[in-house]
Amino acid sequence: MSVLATKAPASAGAYPRFRYDGSGDLARIGLIYIASSVVMEEEMWAMSAEGVSTHTARIRLPKVTVEGIEEMMNAPELEQAARMAAAAPIDVLLFGGTSASFLHGTAYDRALISKIEQWVPGPKVTTASTATLAALKKVKAGKIALATPYLSEIHQRAIRFLEENGHEVVKSAHLDISDDHALAEVPLEKVYDHVLSVDHPDATAIFVSCTNFRTVGAIEALEDRLGKPVISAIQASFWHCLELTGTVGARPGYGRLFDGRIAEGSER
């Protein structure tokens with residue numbers, strides 16, 4: 001018999017204090033995400049209090065253009081990724097692509113949710129675009145300003161999606177980036193300046209689109225500077241997953257959107 005086998009189990013209350021190991025005791029989020037992207041997972045983990053975890057299945061995006069997004073959304077990989085993500089015991093399944101879910105308007109976004117629900121009945125389902133609309137409603141946004149890193153053709157579709165859902169875009173700007181790796185490399189300082197550049201007196205909130213574009217580290221500073229809500233696609237997506245699961249599971253410091261969802265004792 002080995003030495004280990006002779007060790008008796010610890011009596012009740014005699015175990016040492018264990019470290020938090022990332023387990024999703026409160027909520028497990030399934031994420032369908034772009035294979036070449038990195039930012040959304042990092043930012044969701046940063047915003048997650050203990051007990052909230054993210055579990056990812058990936059799909060390939062050829063290029064951040066209308067044609068590249070359409071190719072991704074029409075590929076069989078989308079259904080495969082949904083089924084793979086839902087093979088884990090998740091509570092909510094998030095499609096983590098903003099432009100891919102708003103590309104053809106609101107009806108397209110809703111149809112995407114219905115399709116995923118048919119593929120994987122069980123977990124609640126949302127998309128980055130649906131989450132954005134829910135977040136704008138939560139902060140009582142009316143007219144908004146828009147900052148994106150997109151090419152003009154995708155940026156214009158973002159405006160159309162927002163306006164068909166009642167949010168007039170009073171000012172906007174885009175960075176004309178079509179390479180997914182380049183999106184993730186934009187530093188927070190440039191993101192901060194980009195968001196400031198679109199502020200307008202009539203804008204009740206600012207929305208920053210794209211789930212491979214760093215934002216959440218600058219949101220608190222932007223809200224302090226501008227005095228109005230700043231919503232990003234990643235921030236809204238994570239918040240909506242907490243809302244759908246009824247989870248109080250966010251860390252403080254990532255925007256007023258999370259009022260009511262901050263976990264007690266989660267201060268950094």
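F102, Y150 and F161 come together as one aromatic cluster in this structure, which is a predicted model. Across the whole structure, a search finds four aromatic pairs, and one of them lies between F102 and Y150, whose rings meet edge-to-face, with 6.0 Å from centre to centre and 70° between the planes. Because F102 belongs to helix α4 (residues 98-102), while Y150 sits in the loop between β5 (144-148) and α7 (152-164), this pair ties together parts that are 48 residues apart in sequence. F102 is buried, with a relative accessible area of 2%, and Y150 is likewise buried, at 1%.

The rings of F238 and F258 also form a pair, with their centres 6.0 Å apart and their planes at 55°, so this pair is tilted. F238 lies in helix α11 (residues 233-245) and F258 in the segment after α11, 20 residues apart, and the contact therefore counts as a link between distant parts of the chain. Both partners are again shielded: F238 is buried, with a relative accessible area of 0%, and F258 is buried as well, with a value of 1%.

The burial of these four ring residues is set out below.

| Residue | Relative accessible area | State |
|---|---|---|
| F102 | 2% | buried |
| Y150 | 1% | buried |
| F238 | 0% | buried |
| F258 | 1% | buried |

The term rests on a cut-off: a residue is called buried because its relative accessible area is under 20%.

Note on methods: Residues numbered from 1 in each chain as written. Predicted model: local features only at pLDDT ≥ 70, side-chain atom pairs only at ≥ 80, totals over all residues. Heavy atoms only, no water. Phe/Tyr/Trp six-rings, centres within 6.5 Å; stacked < 30°, edge-to-face > 60°. Helix = DSSP H or I, 4+ residues; strand = E, 2+ residues; numbered from the N terminus. Buried < 20%, exposed > 50% of the residue type's maximum accessible area, 1.4 Å probe, protein only.
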